[in-house]
Amino acid sequence: MIDEIALLRLKRAALAVLIGSVLTVGGALVLEHIYGYAPCKLCLTERLPYYAAIPLALIGLFLPERLARLTLGLAAAGLLYGAGLGVYHAGAEWGFWPGPTDCGGGSANPADLGSFRDALASTRVTDCSTAALRILGLSLAGWNAVIAFVLASVAGKAALNSGRRERSAAPRR
């Protein structure tokens, strides 16, 4: 028997994770390409869980309940890892612990000497231990930790609790 309420909750959670992930990556790309904020190596690594969560959530929208729970569980695990990366990055920015030693902004390798000189003149190397922007006191890494944790919570709760509450709350006959 298909529990339609539980399935609807799963689909709603998958849609929330999909929209949240797309908006987060989209916002990072807007800051990078339109406003000129160069991401550091750790910033780019923090995007990977969202890149995985987007197709998982999209697929979860169309799968039956059991498989949708699995995809949301995988998305939750990846986003929880992303939240941990965000906490590590924000902590390095605040000086709580050292950041990675190999962190700096990167770009594609230039094809010739002229384009190399142009790249040197226009490329801004970004350090992982320096916050490029703070909004309401939190750096972008801090906001990434918050967003990834919230999305991981939404996905994880839907994956683990799907159908339990409805079945236990149903009146007994």
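Reader: Which residue has its charged end over the ring of Trp-94?

Author: Happy to start there: the charged end of Arg-134 lies over the Trp-94 ring, 4.1 Å from its centre. A charge sits over a ring if NZ of Lys or CZ of Arg is within 6 Å of the ring centre and within 35 degrees of the ring normal. Please keep in mind that this is a predicted model, where local features need pLDDT of at least 70, side-chain atom pairs count only at pLDDT 80 or more, and totals for chains, interfaces and linings use all residues. Residues are numbered from 1 along each chain as its sequence is written, and side-chain values use heavy atoms, with hydrogens and water left out.

Reader: How many salt bridges does the structure hold?

Author: Side chains of opposite charge can pair when their charged atoms come close. The rule here asks for a side-chain nitrogen of Lys or Arg within 4 Å of a carboxyl oxygen of Asp or Glu. The structure holds one salt bridge, in which the side chains of Glu-32 and Arg-47 meet at 3.0 Å, N to O. This pair links distant parts of the chain, 15 residues apart: Glu-32 belongs to helix H1 (residues 4-33) and Arg-47 to helix H2 (residues 41-60). Helices are DSSP runs (H or I, at least four residues), numbered from the N terminus.

Reader: Is Arg-47 buried or exposed?

Author: Buried means under 20% relative accessible area, exposed over 50%, and partly exposed in between (1.4 Å probe, protein chains only). Arg-47 has 10% relative accessibility, so this residue counts as buried. Glu-32, at 22%, counts as partly exposed.

Reader: What span should helix H3 have, and what follows the helix?

Author: The expected span is 1.5 Å times one less than the number of residues. For the 30 residues of H3 (residues 65-94) that gives 44 Å, and the end C-alpha atoms are 42 Å apart, which agrees. After H3 comes Gly-95, with a positive phi near 80°.

Reader: Which residues is Ala-152 in contact with, leaving aside its neighbours within four places in sequence?

Author: Contact means heavy atoms within 4.5 Å. With those neighbours left aside, Ala-152 touches Ala-76, Leu-79 and Leu-80. Ala-152 is part of helix H5 and counts as buried at 7% relative accessibility. Its C-alpha is 8.8 Å from that of Leu-72, although the two are 80 residues apart in sequence.

Reader: Where is Lys-157?

Author: Lys-157 is also in helix H5 (residues 140-161), and is partly exposed, with a relative accessible area of 47%. Lys-157 and Leu-72 lie 9.0 Å apart, C-alpha to C-alpha, with their places 85 residues apart in sequence.

Notes
Helices (H or I, at least four residues) and strands (E, at least two) are DSSP runs, numbered from the N terminus.
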